[in-house]
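Q: I have a new model open on my screen and would like to learn how to read it. Could you walk me through it, one feature at a time?

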Amino acid sequence: MAKSTSRKTPKDLTFEIAVAELEKIVASLESGQIPLDEAIGLFERAKALLEHCSRLLESAELKVKQLEGDEAQPFEEDGS
Amino acid sequence: MSQPSLFSAKTWTVTELTRHVRTRLDSDEALQDVWIQGELSNVSRPASGHVYFTLKDASAALRCVIWRTEARRIKARLQDGEAVDAHGHISVFEAGGQYQLYVDDLRSMGEGTLFQEFVRLKAALEADGIFDPARKLPIPALPHLIGIVTSPTGAALRDVLDTLRRRLPLAEAVLSPSPVQGAEAPTSLVTAVRAAQRQNPDVILLVRGGGSIEDLWAFNDPALARTVAASPVPIICGVGHETDFTLCDFAAALRAPTPTAAAELATPVTIGDLRDSVTALQGRLVSALHDVLLTGRSLIQSLAYTLGLLSPARRLESERQRHDELSRRVSLALTHDLGLRTVALRGLMQRVNALSPAAVLERGFAIVSRTSDGRLVTKVAQASGHMQVRVSDGEFRVHKN
């Protein structure tokens, strides 16, 4: 059966989408209904997603922009 | 009780008289909860933290004291010449022989007017359902983009950004700048809130640091309050301190006591929570795979068993058995067939025997053949030389000259 989930590489996914896909994979693996070869594939995918999520969490740095009209410009904080 | 005459028999001590006056004043309920309007003068703030001043108007003066604990709460500017409304109770300072106002609240005159205006505006907006809890939008648990409407230079922005960095650095913040006080502030804030909405954030923080009621007044603007209430994006309003309430606080999806608290309420799920949930998923994944492998192993074992049943060795065995069975049946069939054939052969032999010349010979006939070439003699002309004569029990030789 064809996979309905998008097969984007994990690094293109936002944290939530990656976590949502992870949840789905873990739940389906837990169901015990997945054939072994497919399970191994899912595990590999989940591992990549996990690494991506951890990397996102470790490297997270609040991005701040400032509106000028409707244009979002980089925000320059006063060093005060 | 009649007024005691100075010439009465009883002579009071100063303390007795002062205490008596004090009791009279303290028991007058009208003097226990009064608002008094006047101008501040002789404001003094000794190291004790209490504040002393005189409240005066054109023709009278009233000594006043604000105890340290109350003084800390009061935000009005305490400066000589300031027109204020002071609230408190009248009593007597016995040691000084002075009656005075013990102040527990104090507003600048403007503040008093503004407060009445606040009450009036709030009632009007309330009647329009602007504060209806049913229209308040829920705050998303994990915002991507957080709009911030405030002054780009205020402490409030710094507090908000620090809090967001600490709690959810995964998010993105977009500042929609606006002055937060002054005549232009309300209109500018409405524009800034709308600009923030157009960025499609998950939540908007409308914040400002602490200040006097005049400083915070822009957040009581009815047009701003309506904009906040009608926002398609949930707005968290954090203006001033815990004790400050503005109309925007009531109109917003959520009121926060301070800007920092607003940033906290906008990030109910922190990066620590996310780390925990990723770790939990990792654990579940590993144990799920473990289970899958265990299932796979037992599947393999059962397959191996099934395979054993289907193995060629076993098949061979059964083929061999089948072969034996077949051979048995073949030999059985052959034997049977042979039997039949034997019977038939016997019949045939009898019939062949019936045709045998021997039987004819028994009847007295003889077979004559020439010795020279073995040919049968069936005509007289053929008889010549030595010949063999075969009869029923043997042969003998004859000779024709």
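A: Happy to, and please keep in mind that this is a predicted model. Let us begin with a single residue, B:Ser108, which is found in strand 5 (residues 98-108) of chain B.

Q: Is B:Ser108 buried or exposed?

A: The idea is to compare the relative accessible area with a cut-off: under 20% is called buried. B:Ser108 has a relative accessible area of 8%, so it is buried.

Q: Which residues is B:Ser108 in contact with, leaving aside its neighbours within four places in sequence?

A: Setting those neighbours aside, the contacts of B:Ser108 are B:Ala76, B:Glu82, B:Ala83, B:Val84 and B:Glu214. One of these, B:Glu214, also makes a polar contact with B:Ser108, side chain to side chain, at 3.2 Å.

Q: Strand 5 of chain B must have a partner somewhere. Which strand do the bridges join to strand 5 of chain B?

A: For strand pairing, look for the bridges and then for the direction. Strand 3 of chain B runs parallel to strand 5 of chain B, and 2 bridges join them. Within that pairing, B:Val65 has B:Tyr102 as its bridge partner.
Strand 3 (residues 61-66) is also joined to strand 2 (residues 51-56) of chain B, this time antiparallel and by 6 bridges. There, B:Thr54 stands opposite B:Arg63. Strands 2 and 3 of chain B form a hairpin, with 4 residues between them.

Q: How do I read the order of a whole sheet, and how many strands does the open sheet have?

A: Follow the pairings from one edge to the other. The open sheet has 7 strands in the order 2(A)-1(A)-7(B)-6(B)-8(B)-9(B)-10(B), with mixed pairing. Its edge strands are strand 2 (71-74) of chain A and strand 10 (254-256) of chain B, each of which pairs on one side only. From one strand to the next, the twist averages 25 degrees.

Q: What packs on that sheet?

A: Helix 5 (residues 185-198) of chain B does. It touches strand 1 (63-68) of chain A, and from chain B strand 6, strand 7 (172-177), strand 8 and strand 9 (235-239). The direction of helix 5 makes about 155 degrees with that of strand 8 of chain B.

Q: Let me zoom in on strand 6 of chain B. Which strands do the bridges join to it?

A: Strand 6 (residues 145-150) of chain B is joined to strand 8 (residues 203-208) of chain B by 4 bridges, running parallel. With strand 7 of chain B there are 6 bridges, again parallel. For single pairs, pick out B:Ile148, whose bridge partner in strand 8 is B:Leu205, and B:Ile146, which stands opposite B:Ala173 in strand 7.

Q: Which way do the residues of strand 6 of chain B point?

A: In a regular strand the side chains alternate between the two faces of the sheet. Here B:Leu145, B:Gly147 and B:Val149 point one way, while B:Ile146, B:Ile148 and B:Thr150 point the other way. Strand 6 of chain B is mostly covered, with 6 of its 6 residues buried.

Q: What caps the N-terminal end of helix 6 of chain B?

A: To find a cap, check for a side-chain oxygen beside a backbone nitrogen at the helix end. B:Asp221 plays this part: its side-chain oxygen lies 3.1 Å from the backbone nitrogen of B:Ala223. Along helix 6 (residues 222-229), the buried residues include B:Leu224, B:Ala225 and B:Val228.

Q: Now the partner chain. What pattern does chain A follow along the sequence?

A: Chain A reads α-α-β-β, with 2 helices and 2 strands. Of its 80 residues, 34% are buried.

Q: And how much area do chain A and chain B bury between them?

A: An interface can be described by area, by contacts and by who contributes. The two chains bury about 3300 Å², 69% of it on carbon and sulfur atoms. A:Leu57, A:Leu62 and A:Leu67 supply 21% of the area that chain A buries against chain B, more than any other three residues. In contact terms, 36 residues of chain A meet 36 residues of chain B.

Q: How many salt bridges are there between chain A and chain B?

A: The count is 4, including one between the side chains of A:Glu23 and B:Arg284 (3.9 Å, N to O). There are also 10 residue pairs in polar contact between the chains. On the side of chain A that touches chain B, helix 1 (15-31), helix 2 (36-59) and strand 1 each supply at least two residues. The largest share, 12 residues, comes from helix 2 of chain A.

Terms used. Residues are numbered from 1 along each chain as its sequence is written. Chains are lettered from A and ligands numbered from 1 in the order in which they are written. This is a predicted model: local features need pLDDT of at least 70, side-chain atom pairs count only at pLDDT 80 or more; totals for chains, interfaces and linings use all residues. Side-chain values use heavy atoms; hydrogens and water are left out. Two strands pair if DSSP finds at least two bridges between them. Axes are lines fitted to C-alpha atoms, for helices over the stretch in contact, and angles run from 0 to 180 degrees between N-to-C directions. Contact means heavy atoms within 4.5 Å. Buried means under 20% relative accessible area, exposed over 50%, partly exposed in between (1.4 Å probe, protein chains only). A polar contact is a pair of N or O atoms within 3.5 Å; within protein, one must be able to donate a hydrogen and the other to accept it, and residues adjacent in sequence count only if both atoms are side-chain atoms. Buried area is the accessible area (1.4 Å probe) that two parts lose on being put together, summed over both.
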